[in-house]
Structure formats: C-alpha cells, structure tokens
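Let's take a walk through this protein together, one stop at a time. Have a look at the picture, and then read on.

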Amino acid sequence: APEPAAAAIAYQKGQEIDEDITVLVYDFGGGTFDISVMQKNQGKYVEIETNGDKELGGNNLTNYIVEDFLVKIASIINLDMPLDEDEFDEDDCGISFKDYKKNMEQIIDAANNAKEELSVVLTTNVVIPLKAADGANKNVSFEYSRKEIEQLISRDIRHTIDLTENTVNAVKDRGIKIDKIVLAGGTSNIPLIHELIKDAFPEYFVNADEDYSTLISRGAALLSKGIEEEMSGITNSQLGVSYIDGVIYNKFKMIVPENSELPCSGSHVFGIAHDNQRQLSISYYDYDVKNYP
C-alpha cells in the first residue's frame, strides 16, 4: 500500500472516523520528507496532491548533531575528526582509519540517541566511548539540551512547514478543503515540529498522542487484514527517458506528467540513432520538478 494511504487509514481507524474526509499526511522519515493529500470518497482513497523534499530526512538532522558533537570532542580531548570519511587523514587525526570508523559509529549512535531522548526530556548527558589520538580509550561526556538541537535543525523544520503551507494553498486553489493534518514518520516525534505545525495550522493539528514511527506500518497491517477501502495514488514527479536531440546528448523527455493518477501510462515516438541499429539502451528518469526546477 502507498505509505500516505496507510497513514491516513491508520489515523482514521484509530479515531473511528467513517465519513469521507481529506487528510494531509506530513511524513518525515529518515531519508525523505513527503507530503501527500489523501481524499476519501465513497470508501476510495485517492492521492490528489503531493509535495516534499527527497533530499531532506531525519538523517540530515542527525548529521547536524554529529557535526556539533565533533566540535565538542575536539575541544574536550583534542581529537579532530571530519564528518566525511573522504576527508579523513591519518596524520592529521592521529588515529587509524579503522579507529576513525569505529569512533564515528559511536558518535552517530550517540547523536541519534540524543535526538530521540531530547524529544521527551529537555536535557540529557551524552557519553561517547572513543579511541583518542594517544591510543587510549576515553569516555567523552557532556550535557546536551533540546534547545541546542533546535538551533541546529530549525531552518530545515521551517522549510517543511513552508512546503506544507504551499500544499495546503494548492489544494485550496482547487476548491478542496483539508479536514486534518496527520503526522507520520519517526522524525515527526521532534517537539519543534509540533510547535510549528500548531502555529501554522491551529485548526488542523491532530494525532498529538500518536506513535508517528509506527503509524504507516499500522495502516499497512490494517490493509493486509482485508480492509475494503480502495486506493489510488498519483505520481509525485515527472517520469521519462533520456534521448539524443541532434548534438545534445542525455536530454530529458517527459513521458508521464507529474500528478498523473496511478496506474498510468504514456508514450512518445523516437527515431533510431543510425541505420540498421540492432541494440537500444533506455535510461529511465524520475524528475522531481519541485526540488530541481
């Protein structure tokens, strides 16, 4: 099942809502941020609008925290490590590449744990076991706060709110009223998201007590048990192929427009590159016009 539909179904079943409604799903996962507007009409779920940012996910937010941890570690035990392993230099760091990789795993785990803990509490004590430049095993310890995380991630969170507002307005322009906004995805547990959603959409904010991390999987489980609703989605990007146009190579030709209702198909007539051509290689592309205008 499409993830937005699964989230919408899980929410509606959990709230025991049977009437036809329009739900905007704000899905902030680890790898991407996705917005889908799902409309239920006579038992059928139809995806009528999409938006989001495929380059933004919870992993990006974790990286901001990791970078901040690296600065703290450098000041505490004089161990200067880059975030990008391609920038690692054994002579500069004073540790082996193996120890660098092990250190980074510990730091990333600590950053993810801090992000999760600070969604519940205001401060936490971070302890990271590391291999220091002198070869000794050291536990680096420091206090970390929710406020520090929010300063790092607020720009990206506000970006998701802007995209959500654009989607709400696009649907309004089509004469469609959104009834509810539903949060999904593990990253949506961050309190700053709740605050900004409440500020931007006070009449829409819902499912404050939901477990956002499992909302989609719960919806998928309901569907697997034979819930009778039908679903229909739309493409959230242009679909097409690359071709040669005169002396221009790898030119993109759209075959299926964005927001086409699924299932869908498209066609275009191309010529061969030369006479008696016996082989053909077709490169398929998914072009996100929202992120790459």
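**From a helix to a hairpin**

Y11 has a relative accessibility of 3%, so it counts as buried. Keep in mind that this is a predicted model. You'll find Y11 in helix α1, which covers residues 3-14. Now look for V25: Y11 and V25 sit 14 residues apart in sequence, and their C-alpha atoms are 10.0 Å apart in space.

Next, jump along to strand β4, residues 123-131. Which side chains point to one face here, and which to the other? The side chains alternate: T124, V126, I128 and L130 go one way and are buried. T123, N125, V127, P129 and K131 go the other way and are not buried.

Let's stop at T124, which is part of strand β4. Why does T124 count as buried? Its relative accessible area is 10%, and buried means under 20%, so T124 makes the cut. The T124 side chain also makes a polar contact, at 2.5 Å, with the side chain of E117. If you skip the neighbours within four places in sequence, T124 is in contact with E117, L118, F142, E143 and Y144.

So who is the partner of β4? Strand β5, residues 137-145, pairs with β4 in the antiparallel sense, over nine bridges. Within this pairing, I128 stands opposite V140 of β5. The two strands, β4 and β5, form a hairpin, and five residues lie between them. In the turn, take a look at G135, which has a positive phi of about 90°.

Methods. Residues are numbered from 1 along each chain as its sequence is written. This is a predicted model: local features need pLDDT of at least 70, side-chain atom pairs count only at pLDDT 80 or more; totals for chains, interfaces and linings use all residues. Side-chain values use heavy atoms; hydrogens and water are left out. Buried means under 20% relative accessible area, exposed over 50%, partly exposed in between (1.4 Å probe, protein chains only). Helices (H or I, at least four residues) and strands (E, at least two) are DSSP runs, numbered from the N terminus. Two strands pair if DSSP finds at least two bridges between them. A polar contact is a pair of N or O atoms within 3.5 Å; within protein, one must be able to donate a hydrogen and the other to accept it, and residues adjacent in sequence count only if both atoms are side-chain atoms. Contact means heavy atoms within 4.5 Å.
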